[in-house]
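Trainee: I should like a close look at a single part of this model, namely the surroundings of the ligand. Please describe them in one connected account.

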Amino acid sequence: MVVCVPGPRKRVLTGIKPTGYAHIGNYFGMIRPAIEMSKNQNLECFYFIADYHALTTLNNANEMKEYLYDIACTWLACGLDPDKIVFYKQSDIPEVFELNWILSNVTPKGLMNRAHAYKAVVENNQQNGQDLDFGINMGLYNYPILMAADILLFNTNLVPVGLDQKQHIEIARDIAHYFNKKYGEVFVLPEEYIKEEQLLVGLDGRKMSKSYQNTIKLFGTEDELKKSINRIVTDSRLPGEPKDVDCTVNKLYKMFASSEQAKDFEKRLQLGMGWGDAKKELFETMNGYIAPMREKFIYYQNHKQEVDELLKNGAKKAREIAKDCLKRVREAIGTE
Ligand code: TRP
């Protein structure tokens, strides 16, 4: 367990891609655990917005801005303390992109051919009888190298990510190894920290995920929240008929309620509480949980200059470390 690492502080780093509005699956799966981790004295946390990674799929300035602020305001609203951690925007750290190029030159092309995200697109093209390179830009192809640069530039020990990112961390470790072998021990070898998958169900009962379009926006308006909850798929059991406690409404309720509340809710479902009443109560409970954070979110959305400043300050702190690392890299390769 990472939570009680003895000895010197471990450096933890993770990136969040601004490709959509945060939903409650992101909150329980990533945001809340990361914020908890950032309160651990034994860990030194670097959390950043991976805006240049988002470029592989996002190519509209307004959307980019919108999602950037959505992420930044979300993390601040959820309790991230920018004084305790280093919180910044990837694009504010030019050293990342210099390192990206340097690392490209120790990375075998074959390693990139085997990256899951790239391979998935190729396979999809194959199935559709399309040119294998269709829709693939070099950003997608080089994605894992940029990610390695993000990680290695800060002498990262641990990278908390979801299972889908495991291969990327392995690649970063491989790249660090190739570099060290060629030029000497410059990079720390990072390790992935895979959190227990906190599976949150979506509106249709499958895992909540943007790709299934079954998400509930974390900081939508009360009205949007209500509408989302009304879309939760239920069976056709009538009021008075006992409900299956394995239903989505109950699963979601549990995430937001105290264990006592949850027990009581479950009992009433079994006794035949109607779906309408159950959803109403789910709304009240969820909204009660989210409302104080939503207020902060709205505050930051209305004070974007403050957010900009926090991010700039974070970038300043990050760049001090980045510059130091890059200097050692440049010495190792002979350009400094
Ligand atoms: N690829 C990650 C994702 O899609 C985001 C990311 C970019 C990242 N750089 C990183 C995660 C560095 C961890 C470390 O979720």
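**The ligand and its shell**

Mentor: A polar side-chain atom of Y143 stands 2.7 Å from a nitrogen atom of the ligand, in what is a predicted model. D150 likewise places a polar side-chain atom 2.8 Å from a ligand nitrogen atom. For Q165, an N or O atom of the side chain is 2.9 Å from a nitrogen atom of the ligand. With the protein present, 90% of the 370 Å² of accessible area that the ligand has on its own is covered. The space that the ligand takes is the largest pocket.

The shell can next be read by secondary structure. Two or more residues each are given to the shell by β1 (10-16), α7 (138-152) and β4 (158-161). Of these elements, α7 supplies the largest share of the shell, 4 residues. Y143 and D150, whose polar side-chain atoms were described above, fall within the range 138-152 of α7.

Turning to the individual residues, 14 surround the ligand, and those that come nearest are G15, H53, Y143, D150 and Q165. G15 falls within the range 10-16 of β1. Sorted by class, the shell comprises 8 nonpolar, 4 polar and 2 charged residues. In summary, the ligand takes the space of the largest pocket, and Y143, D150 and Q165 each bring a polar side-chain atom to within 3.5 Å of a ligand nitrogen atom, the cut-off for a polar contact.

Notes
Residues are numbered from 1 along each chain as its sequence is written. This is a predicted model: local features need pLDDT of at least 70, side-chain atom pairs count only at pLDDT 80 or more; totals for chains, interfaces and linings use all residues. Side-chain values use heavy atoms; hydrogens and water are left out. A residue is near a molecule or strand if one of its heavy atoms lies within 4 Å of it. A polar contact is a pair of N or O atoms within 3.5 Å; within protein, one must be able to donate a hydrogen and the other to accept it, and residues adjacent in sequence count only if both atoms are side-chain atoms. Accessible areas come from the Shrake-Rupley method with a 1.4 Å probe; for residues, only the protein chains shown count as cover. On a 1 Å grid over the protein atoms alone, a cavity is a set of points where a 1.4 Å probe fits but cannot get out, and a pocket is an open set with protein on both sides within 12 Å along at least five of seven lines; lining residues have an atom within 4 Å of a point. A molecule sits in a cavity or pocket if more than half of its atoms lie within 2 Å of its grid points. Ala, Val, Leu, Ile, Met, Phe, Trp, Tyr, Cys and Pro count as nonpolar, Asp, Glu, Lys and Arg as charged, and the others, Gly among them, as polar.
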